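Got your viewer open and a selection tool ready? Let's walk through this one stop at a time.

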Amino acid sequence: MSRTASSSGQASQGTRSSTVSLVVSTLDEGAELPATLESVYAGSVVPDETIVVDDGGTDDSCALLERAEWRARGVMVHRIRRSGVAAARNAGARLAGGTHLVFLDAHCRLERTCLARLRAALDARPDAVLAPTVRDAAGTAAGCGARLIDAHLRVRWLPPPPDGTAPYAVPLAPGGCLAVRRATFRRMGGFGAFRELGLEDVEFSIRAWRAGLDVLAVPGARLAHRFRPYPSYPLSGTSRAYNLARTALVHFGGSRREECLRKVIGTPRAAEVLVEAFAGDWEAERAAVEATSVRPVEAYFETFGDWR
């Protein structure tokens, strides 16, 4: 299936040297998936290619995107066995050819200039991870970046600033939409080895900051996100706990690590989760992170605030 840019994408790009690969991971999103892409392609800048990774879906929602009109826009569908959002995004990134990657959830509505502003910001700050302003599609609440608030690694969205504010540093780029240069993403090794859903964006943001990259809010890039109490597909009861344990083992030490691991106790099949986390390759991953880090993890909390 062709991955060349559509004529509308080339027209929007003009003579710019940067190109945008949009990566959308999806699992049984139904009508949300094409509605998300319709908002993308109504923008002032459209992707040079869009890679939709079907993470083991069963509702046939990706079939529509394999029609000629979507292929002509540069949309391709790549199907994988269900592997979780981090693995699905990594699979899409491996297929991408653009200089810039934009990862997007399949239940969003982009404002007309959202992609243009993300691309311009990444052109100006190529060694950064970018987070747009995200509004709750069901209400008026909005956030731009987020911060950690406790040892469960739960986050609180940060309030967006007034219009016209230039990009600025934030602790976390939430995974519903984030942008990064493809070369940077590959140098970082992509998203971590996480299960199903949860904390892949937290770990990626911490790892990026430790590697010397800035995590920046881009308040002028705006989208609406459909927040749901539960996803449209079943989740195991252990995935987030495993992801929490792995993040703590890879990044934290001392009392901070112990505090996170204690939060796993009391969750379903906690002993099994902890055994599997400790038996994994976290020591090799921790060594790799340490080898590429230029900022210690405690400096992250000194910069952005502690959860304690």
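What follows is a short tour of a predicted model, with something to select at each stop.

**Stop 1: colour by confidence.** Start with the whole chain, where the mean pLDDT is 92 and 95% of the residues reach 70 or more. Now select residues 1–15: pLDDT stays under 50 there. The model does give this stretch 31 contacts beyond four places in sequence. Still, where pLDDT is low, the predicted coordinates should not be read in detail. So don't linger on those contacts, and let's move on.

**Stop 2: a charged pair, R73 and E38.** How many salt bridges does the count come to? The answer is 19, and we'll visit a few of them. Select R73 and E38 and show their side chains; they meet in a salt bridge, at 3.8 Å from N to O. This pair ties together distant parts of the chain, 35 residues apart. R73 lies in the loop between α3 (68–71) and β3 (75–80), while E38 belongs to helix α2, residues 32–41. Switch on a surface and check both partners. R73 is partly exposed, with a relative accessible area of 27%, and E38 is partly exposed too, at 41%.

**Stop 3: a long hop, R82 and E196.** Next, pick R82 and E196, whose side chains form a salt bridge at 3.4 Å, N to O. Which parts of the chain does the pair link? R82 sits in the loop between β3 and α4 (85–95), and E196 in the loop between α6 (182–188) and α7 (200–210). In sequence, R82 and E196 are 114 residues apart. With a relative accessible area of 33%, R82 counts as partly exposed.

**Stop 4: E272 and R269.** Zoom to E272, which forms a salt bridge with R269. If you check the distance in your viewer, the closest N and O atoms are 2.8 Å apart. Is E272 buried or partly exposed? It's partly exposed, with a relative accessible area of 33%.

**Stop 5: a trio.** Select E32, R109 and R226 together. These residues are linked in a network of salt bridges.

**Stop 6: a nonpolar patch.** For a change from charges, select V155, W157 and F227. They form a nonpolar patch on the surface, and together they have about 240 Å² of accessible area. Click on V155 to find it in strand β9, residues 155–157. V155 is partly exposed, with a relative accessible area of 36%.

Key: Residues are numbered from 1 along each chain as its sequence is written. This is a predicted model: local features need pLDDT of at least 70, side-chain atom pairs count only at pLDDT 80 or more; totals for chains, interfaces and linings use all residues. Side-chain values use heavy atoms; hydrogens and water are left out. pLDDT is the predictor's confidence in each residue, from 0 to 100. Contact means heavy atoms within 4.5 Å. A salt bridge is a side-chain nitrogen of Lys or Arg within 4 Å of a carboxyl oxygen of Asp or Glu. Helices (H or I, at least four residues) and strands (E, at least two) are DSSP runs, numbered from the N terminus. Buried means under 20% relative accessible area, exposed over 50%, partly exposed in between (1.4 Å probe, protein chains only). Patches are made of residues with over 30% relative accessible area and no salt bridge: like charges are joined within 9 Å, nonpolar side chains (Val, Leu, Ile, Met, Phe, Trp, Tyr) within 5 Å. Accessible areas come from the Shrake-Rupley method with a 1.4 Å probe; for residues, only the protein chains shown count as cover.
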